[in-house]
Amino acid sequence: TKQPGSVLTRSAEEVKRYRLYKKIVPPVLGLITLVLIIVYIISILFTKYGSFTVKINNLTDRKYYLTLCESDKFLNPVSYLNSKAVKDVTNIDGNSLPADLNDVDGEHNGENYVAYTFYLKNTGSLEFTYNYQLVISRMTSGLDSAVRVRIYYTPFFYTAETGEHIYDGSYTDYAKAKTGGNGEPEIDPENRVMTNFVGAGTVAEGTVNGFKPGDISKITVVIWIEGNDPDCTDDLLGGEFKVDMVMEVAGAS
């Protein structure tokens with residue numbers, strides 16, 4: 001402790017450590033700050049752009065196995081697909097959507113809608129049943145009240161046993177039940193009756209039975225904000241909506 005009138009001195013070792021700290025600490029703090037900034041920017045970008053993901057939950061037995069691909073040729077089968085969502089979309093009239101949404105493979109987003117087509121194949125050796133579920137993984141500002149989801153689902157697009165392809169252009173439009181309507185579905189212009197979301201966090205779900213080895217399902221998911229919905233107001237500005245599709249082998253048929 002320094003006494004009154006005394007001179008405070010430092011040893012050569014203390015001076016050396018002090019100078020070393022002055023050299024090392026500022027760059028280290030700068031690096032930590034840079035890393036935090038990068039992580040923050042990445043988190044902002046992920047929230048900003050979002051994504052639509054498809055994943056498979058397979059049984060451990062490889063006899064019951066599903067794979068995914070953006071092409072029915074299955075040259076690059078995977079168990080996980082990811083599509084970037086459209087940035088800063090605005091509301092549109094669902095009647096203005098293109099008629100060929102189920103005719104283009106992979107990601108084919110429009111200016112103000114998300115569109116993604118992919119295929120699911122039984123690459124196991126046995127027939128089985130699988131379940132699918134389209135879940136809402138992120139939603140803010142009550143945006144789900146004005147969102148529409150269209151699903152084209154062809155469970156047996158290709159039947160391996162016969163070698164036949166089936167093109168089915170039919171689809172189902174989903175929406176959250178009408179606000180204050182006691183469970184009644186939304187009805188968009190030209191009397192387009194929506195199918196209610198199956199639950200608070202789930203858009204749609206279903207089961208496919210008798211899926212044989214080599215069989216292929218085709219799925220197209222389209223998402224937009226319906227400008228004709230009474231809930232489509234400025235209160236939804238800045239809202240986010242992200243969905244994930246989960247496919248799961250349920251067991252032998």
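Which strand holds the place of A204? Here are some notes on that and a few other spots, bearing in mind that this is a predicted model.

1. **A204 and its surroundings.** A204 sits in strand β13, which spans residues 202-211. Its relative accessibility is 1%, so A204 counts as buried. Setting aside neighbours within four places in sequence, A204 is in contact with Y132, Q133, L134, I151, Y174 and V198. The C-alpha atoms of A204 and I136 are 9.8 Å apart, although these positions lie 68 residues apart in chain numbering.

2. **Strand β13 as a whole.** Burial is the rule along this strand: 7 of the 10 residues of β13 are buried, leaving it mostly covered. β13 runs antiparallel to β6, and 7 bridges join the two. One pairing to look at is Q133, whose bridge partner in β13 is E205.

3. **The largest nonpolar core.** This core has 39 residues, and the members touching the most others are Y130, V149, M245 and M247. At least two residues of the core come from each of β1 (51-57), β2 (66-69), β5 (114-122), β6 (128-139), β7 (147-159), β13, β14 (216-225) and β15. There is also a second, separate core of 8 residues, with I92, L101, V222 and W224 among its members.

4. **M245 close up.** Do have a look at the contacts of M245. Beyond its neighbours within four places in sequence, M245 is in contact with F52, T53, V54 and K55, and also with F118, Y132, Q133, L134, Y153, I219 and V221.

5. **K242, a buried lysine.** K242 belongs to strand β15, residues 241-252. With a relative accessibility of 11%, K242 falls under the 20% cut-off and therefore counts as buried. Its side chain makes a polar contact with the side chain of D244, at 2.6 Å. K242 and T53 are 189 residues apart in sequence, yet their C-alpha atoms are 8.9 Å apart in space.

6. **H108 in its loop.** H108 is found in the loop between β4 (106-107) and β5. Is this histidine, H108, buried or exposed? H108 is buried, because its relative accessible area is 13%. Two backbone oxygens are worth checking here: the side chain of H108 reaches that of L101 at 3.4 Å, while that of V104 lies 3.1 Å from a polar atom of the H108 side chain. Not counting residues up to four places away in sequence, H108 touches L101, Y113, A115, Y116 and T117. L101 also appears in the second core.

Terms used. Residues are numbered from 1 along each chain as its sequence is written. This is a predicted model: local features need pLDDT of at least 70, side-chain atom pairs count only at pLDDT 80 or more; totals for chains, interfaces and linings use all residues. Side-chain values use heavy atoms; hydrogens and water are left out. Helices (H or I, at least four residues) and strands (E, at least two) are DSSP runs, numbered from the N terminus. Buried means under 20% relative accessible area, exposed over 50%, partly exposed in between (1.4 Å probe, protein chains only). Contact means heavy atoms within 4.5 Å. A polar contact is a pair of N or O atoms within 3.5 Å; within protein, one must be able to donate a hydrogen and the other to accept it, and residues adjacent in sequence count only if both atoms are side-chain atoms. A nonpolar core is a set of buried Ala, Val, Leu, Ile, Met, Phe, Trp, Tyr and Cys residues joined through side-chain atoms within 4.5 Å. Two strands pair if DSSP finds at least two bridges between them.
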